[in-house]
Amino acid sequence: MTDPIGYPIIEQTGQTGGLFDSALALTSRLDITSALQEFVEAARRLTGAKYAALGILGSRGETVAFHYSGMSVPDAEKLPHPPHGDGVFAQIPVDAPLIINDIASHPAFEGWPSYHPKMQNFLGVPVRIQEQVFGRLYLSDKQDGFNEADASNMSMLASAAAIAVQNARLYSESEDRANWISVSQSITTALLEGTDEEEALKLIAKKMRTVSRSSTALIVLPSIGDAWVCEIADGEDAENMIGLEFPPDGRAQTVIREGSGVVVDSMTRTRTMRIPELRGYGPALYAPMIVGGQGAGVIILLRSRTQQEFDLADLAMAESVSKQAALALELASARHAQDVAAQIDERAAIGRDLHDLAIQQLFATGMQITAIREDLESKEASPDIVDLLNQAISSVDESVKEIRHIVHRLREPDANVVVVERLRREASLARTSLGFAPSFVISLNGETLPQDVDAETVALIDNMIGADIADDVVAVTREGLSNAARHAKASSVSVTVSIDPSEVRIVVSDDGAGLSPTQSRRSGLANLAARARRHGGSFDLSRGEDRGAVMTWYAPLD
């Protein structure tokens with residue numbers, strides 16, 4: 001005999017063998033979803049119930065997952081939501097089954113929701129894991145009603161289901177641990193290969209989002225002033241996340257200050273949400289990036305509302321990998337310093353070679369030519385030949401002077417170089433990275449300087465700006481052009497450096513992507529702001545009128 005769905009109805013006397021086989025089948029499954037569905041199917045099959053369902057409970061007692069049997073998919077989809085556990089369902093004890101063979105007459109019965117099948121009798125069984133209620137098994141509409149044997153058998157089957165869940169969890173944790181280790185290894189490899197800082201952080205965000213089965217991963221880093229901003233994002237709605245500022249009293253900055261990660265059961269239920277863009281997510285995990293005991297940032301993993309909560313094992317693995325993200329920043333900084341040191345050493349080597357080889361050879365050549373000239377003069381050689389030799393000697397002397405000047409500049413690249421020349425050199429160097437020549441204008445007291453500006457005006461500008469501010473003016477111009485080249489994807493860039501007795505102002509504008517998700521990490525922008533504050537000035541980055549971005553840097557002059 002079979003039920004309307006096609007499962008054989010097992011007589012009461014034949015349940016023991018079926019129960020044993022079903023329990024073995026359950027405990028052998030290593031996938032939680034399939035194990036729980038098998039549990040529901042077995043419960044309906046063994047009791048002869050028409051309907052069976054399992055509601056998985058969250059940390060607050062709400063139904064977070066639902067498995068059913070006996071109802072067709074179209075009928076199940078008509079139900080507005082899984083059972084909330086109210087009414088009759090709320091009467092199920094935490095440690096014993098509940099039998100109600102006339103649901104409609106029970107005092108707690110509240111009626112059936114729309115589209116819900118009308119049920120006659122009911123058996124509710126708690127599924128407990130380590131003394132906590134993991135879920136509730138609902139069985140209904142058994143011919144002739146449920147009895148104590150059904151309740152006892154389902155309690156035993158629920159125990160087998162609990163073991164299956166624990167086994168599946170252990171297996172899942174071991175797989176997750178292996179996946180996290182693999183991610184850790186791939187990140188380490190990328191760092192050792194010298195991957196660019198920003199590319200390394202993007203890799204970390206993507207890998208961590210994937211291995212944690214999250215919808216979105218965010219990396220929050222220090223920005224302008226005291227602000228902390230999402231600089232890297234990967235996954236769902238990532239484009240709208242970049243640039244979000246995290247407040248000082250928020251969870252992200254608290255994690256950074258305390259150096260300890262946290263798990264949030266649901267962003268949707270958070271009472272105080274300072275960043276509305278995060279409200280649409282469910283579970284969240286915050287893992288601090290620690291360097292030398294100091295918080296360098298935080299990685300935030302976000303799951304959808306329907307996904308399960310993060311656990312402490314997830315947090316431990318995420319914190320381990322986030323330390324490598326902090327290491328990525330540290331290595332990138334060290335690598336930059338190493339590159340600068342290598343350039344200085346290379347310049348010093350070139351200077352030594354020019355001094356020890358080129359100058360000495362030219363000097364020796366000059367002496368030989370001088371000896372030849374004196375010999376020819378004593379023999380009354382042609383005046384034209386003597387003049388040519390004098391010109392050659394003069395050229396050798398000039399070459400020696402020029403090489404000495406080059407050696408001096410190699411040792412101290414910007415020593416004795418006027419600020420106007422240094423600024424124009426930055427504009428010239430930017431041509432390679434931009435792919436075109438930027439518009440570059442220097443104005444003094446409101447008047448644009450010509451290309452062949454006289455030495456007196458150049459000296460006046462040097463005196464007005466001063467050596468200390470001049471270094472920052474050049475650095476700011478370089479950073480503005482670099483940002484436009486790397487991240488703006490612009491077809492035109494203009495730089496204006498305005499100088500008058502009271503201030504120096506730099507404006508870099510482009511027609512590129514503007515303040516979009518493709519903009520640069522703001523650590524560079526934070527450096528620009530710091531340079532301005534050092535001189536009592538200001539820094540601002542804003543959108544252009546039509547598109548692109550406008551960077552404005554200002555410093556007062558004494």
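Residues are called buried under 20% relative accessible area, exposed over 50%, and partly exposed in between (1.4 Å probe, protein chains only). The structure is a predicted model: local features need pLDDT of at least 70 and side-chain atom pairs count only at pLDDT 80 or more, while totals for chains, interfaces and linings use all residues. Residues are numbered from 1 along each chain as its sequence is written, and side-chain values use heavy atoms, with hydrogens and water left out.

Two open sheets are described here. Helices (H or I, at least four residues) and strands (E, at least two) are DSSP runs, numbered from the N terminus. Two strands pair if DSSP finds at least two bridges between them. Strands of a sheet pair through backbone hydrogen bonds, either parallel or antiparallel.

One open sheet holds 6 strands in the order 13-12-14-15-17-16, and its pairing is mixed. Its edges are strand 13 (447–448) and strand 16 (538–543), each of which pairs on one side only. Strand 12 (residues 439–444) runs parallel to strand 14, and 6 bridges join the two. In this pairing Ser-443 stands opposite Ser-498 of strand 14. On the way to strand 15 the sense changes: strand 14 and strand 15 run antiparallel and are joined by 8 bridges. These two strands form a hairpin with 2 residues between them. Asp-500 has Glu-503 in strand 15 as its bridge partner. Strand 15 (residues 503–510) also pairs with strand 17 (residues 549–556), in the antiparallel sense and over 7 bridges. There, Arg-505 stands opposite Tyr-554 in strand 17.

Strand 14 shows a clear division of its side chains. In a regular strand the side chains alternate between the two faces of the sheet. Along strand 14 (residues 493–500), Val-493, Val-495, Val-497 and Ile-499 point to one face and are buried. Ser-494, Thr-496, Ser-498 and Asp-500 point to the other face and are not buried.

The other open sheet also has 6 strands, in the order 8-7-6-11-10-9, with antiparallel pairing. Strand 8 (245–246) and strand 9 (262–264) are its edge strands, each pairing on one side only. Strand 7 (residues 228–235) is antiparallel to strand 8, with 2 bridges between them. Val-229 stands opposite Glu-245 in strand 8. Gly-235 and Ala-205 are 30 residues apart in sequence, yet their C-alpha atoms are 8.9 Å apart in space. Ala-205 belongs to helix 5 (residues 197–211). Its relative accessible area is 0%, so Ala-205 is buried.

Salt bridges were then searched for. A salt bridge is a side-chain nitrogen of Lys or Arg within 4 Å of a carboxyl oxygen of Asp or Glu. The whole structure contains 9 salt bridges. One of them joins Asp-249 and Arg-274, at 3.3 Å from N to O. Asp-249 lies in the loop between strand 8 and helix 7 (251–258) and Arg-274 in the loop between strand 9 and strand 10 (284–291), so this pair ties together parts that are 25 residues apart in sequence. Arg-274 is partly exposed, at 43% relative accessibility.

Another salt bridge links Arg-531 to Asp-472, with the closest N and O atoms 2.4 Å apart. Arg-531 is in helix 13 (residues 523–534) and Asp-472 in helix 12 (residues 467–488), so the pair ties together parts that are 59 residues apart in sequence. Arg-531 is partly exposed at 30%, whereas Asp-472 is buried at 3%.

Within strand 15, Arg-505 forms a salt bridge with Glu-503, the closest N and O atoms being 3.0 Å apart. Arg-505 counts as partly exposed, at 29% relative accessibility. Glu-503 counts as buried, at 18%. Elsewhere, salt bridges that share partners join Asp-472, Arg-531 and Arg-534 into one network.

Two non-glycine residues have a positive phi. Asp-144 has a phi of about 70°. Asp-144 sits in the loop between strand 5 (132–142) and helix 4 (148–192), and is exposed at 79% relative accessible area. Asp-237 has a phi of about 60°. Asp-237 lies in the loop between strand 7 and helix 6 and is partly exposed at 38%.

Asp-237 also belongs to a surface patch of negative charge, together with Glu-236, Glu-239 and Glu-277. Such patches are made of residues with over 30% relative accessible area and no salt bridge, like charges being joined within 9 Å. Glu-239 is in helix 6 (residues 238–241) and is exposed at 61% relative accessibility.

Technical notes: Patches are made of residues with over 30% relative accessible area and no salt bridge: like charges are joined within 9 Å, nonpolar side chains (Val, Leu, Ile, Met, Phe, Trp, Tyr) within 5 Å. Accessible areas come from the Shrake-Rupley method with a 1.4 Å probe; for residues, only the protein chains shown count as cover. Lys and Arg count as positive and Asp and Glu as negative; His and the chain ends are not counted. The place of a charge is taken as NZ of Lys, CZ of Arg, CG of Asp or CD of Glu.
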